[in-house]
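Good morning, everyone, and thank you for making time. Please have the sequence and the model open while I talk.

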Amino acid sequence: MHITMIGGGYVGLVSGACLAAFGANVTIIERDTQRLDCLQAGQVPLYEPGLEALITQQQQAGRLTFTQDLAPALRDSQAVFIAVGTPTRRGSGHADLSYVYAAARMIAAHAPDNLLVVTKSTVPVGTGRQVAHILRTTRPDLTFHIASNPEFLREGHAINDFMQPDRVIIGLEDEAQTASHARTLLEALYAPLHTPQNRLIFMGIESAELTKYAANAFLAMKVTFANEMADLCEATGGHIADVTRGMGLDPRIGPAFLTPGPGYGGSCFPKDTQALATSARQAGAPTQLIETTIAANEARKRRLAERIIALAGHNITHYTIAVLGLSFKAHTDDIRQAPALTILPLLHEAGATLRVYDPQAMNAARPLLPHDISYARNALHAAEGADMLLILTEWPEFAALSPADIAPTMKGRLIVDYRQIWHQNDWQKAGFNYHGLGYKMAEEPR
Ligand code: UDX
């Protein structure tokens, strides 16, 4: 089967390479010349474990190509996937759909008869129908089919998530004939996932669009709930690790996404919660839980910055803080909506000197952080002479550091671990003053 993927960004590259690995002939359309050159040369302009190797392998197998020209690619394709960005529109919580609609217009201009048009970008409910409307009004003569196939990839685990998904959600138009053609094609495309259990879930287009937003918003809410429970533990003497373990063993709750941290970030949760809240308000069915989640997450980042400033007391202007981690989570160079982008400017504004290190995200962070922050070569270099060590991302290489590594290089003895990568006990025994999340700091170490 020949398919075209519009967009050589994160979702387009991962989906395109994985579908090629499933056996399809995939052409990825990338309009940016510099990015296209990179991709054609087998280089991937973003950090995702395993992606470059998979792309190279599929290119060599002749199943994956990159081009700027949509028309010839579409001519031979049975399906086209729209995998372009849907950023938050400035000043509103709306998803900016201009790239999606531009892709729909380009498809309309060049589509062969019987083409299946699949929306893979995360889009608000109603977008699939709008894409169909664009195609219908631009090419009234054209027979085409529409589907929604939202992506649930986690950055850092994307290939595995695609190859071994919990489920593949497919939304189809309700006209019976259209639906059956789309269904047959998508079942063939995802055939390697069919056994041993059928992971393809078919539903209406609106349901598929909403499922993506609902799943992300629910997870964002779960993280935010854990953060609030962590605060409550700190205030009352509970321990969040025990509370979430006790909660998570109930299969109705589950243990995942209950680790407290400095607030959720990334390219999806903040954008999708905003877009869901905005669509819901617009539809006359506002979601109070999601609106509160958004506000609570924003407030958390600021509150944690204030807590760090309070820990330094009036010494903050003489304080050097070593910051380990800038990306919104480990295994990615993505700093979009990362807690570091809120917390570090507040520490800087309070007068602290910042020395930061991240194994992947420093280049991306530099233009977004205050100019006079210094960037270290590695974690130990960042810690040199520092009064406080602050963990903002749970990179395994930070977790591997011990008090014996840090003690000789740091000046002070204050550790603020907002990712629970270390054990309080180990550090307190070594003479450090250790602050984590989710337990009363005066409590005996455990
Ligand atoms: C998320 C969804 O998991 C994925 O299904 C969707 O397709 C895109 O959005 P991603 O943004 O890659 O994926 O990150 P994820 O691993 O889900 O983490 C999201 C945020 O929540 C991160 O900031 C992370 O640090 C935070 N988080 C997650 C916690 O603070 N605690 C947790 O227990 C889990």
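I will go through the domains, the two sheets, one helix pair and the ligand shell.

Please keep in mind that this is a predicted model, in which local features need pLDDT of at least 70 and side-chain atom pairs count only at pLDDT 80 or more, while totals for chains, interfaces and linings use all residues. Residues are numbered from 1 along each chain as its sequence is written.

Let me begin with the domains. The assignment, whose bounds come from an automatic or database domain assignment, divides the chain into domain 1, residues 2–203, and domain 2, residues 293–435. Taken over C-alpha atoms, the centres of domain 1 and domain 2 are separated by 38 Å. Five residues of domain 1 are in contact with seven residues of domain 2, where contact requires C-beta atoms, placed from the backbone, to lie within 7 Å. On the side of domain 1 that touches domain 2 we find three nonpolar residues, one polar and one charged, with Ala, Val, Leu, Ile, Met, Phe, Trp, Tyr, Cys and Pro counted as nonpolar, Asp, Glu, Lys and Arg as charged, and the others, Gly among them, as polar.

Now to the sheets. Helices (H or I, at least four residues) and strands (E, at least two) are DSSP runs, numbered from the N terminus, and two strands pair if DSSP finds at least two bridges between them. One open sheet has eight strands, ordered β3-β2-β1-β4-β5-β6-β7-β8, with mixed pairing. Because β3 (64–67) and β8 (200–204) stand at its edges with a single partner strand each, one side of each is left without a neighbour in the sheet. From one strand to the next, the twist averages 25°. Within this order, β5 (115–119) and β6 (144–148) pair in the parallel sense over five bridges, and Thr 119 stands opposite Ser 148 in β6.

Another open sheet, of six strands, runs β11-β10-β9-β12-β13-β14 with parallel pairing, and its edge strands, β11 (374–375) and β14 (433–435), each pair on one side only. Here β12 (388–391) and β13 (414–417) are parallel partners over four bridges, with Ile 391 opposite Asp 417 in β13. Helix α12 packs on this sheet, touching β12, β13 and β14, and its direction makes about 170° with that of β13; axes are lines fitted to C-alpha atoms, for helices over the stretch in contact, and angles run from 0 to 180 degrees between N-to-C directions.

The same helix brings us to the helix pair. Helix α12 (288–312) packs with α13 (339–349) at an angle of about 40°, their axes 9 Å apart. Residues making the contact include Leu 304 and Ile 308 of α12 and Ile 343 and Leu 346 of α13; by class, the contact has eight nonpolar, one polar and two charged residues.

Finally, which residues come nearest to the ligand? Of the 19 around the ligand, they are Glu 155, Thr 259, Gly 261, Gly 266 and Cys 268, a residue being near if its C-beta atom, placed from the backbone, lies within 6 Å. Helix α9 (205–236) supplies the largest share of the shell, three residues.

Definitions and conventions: Contact = placed C-beta atoms within 7 Å.
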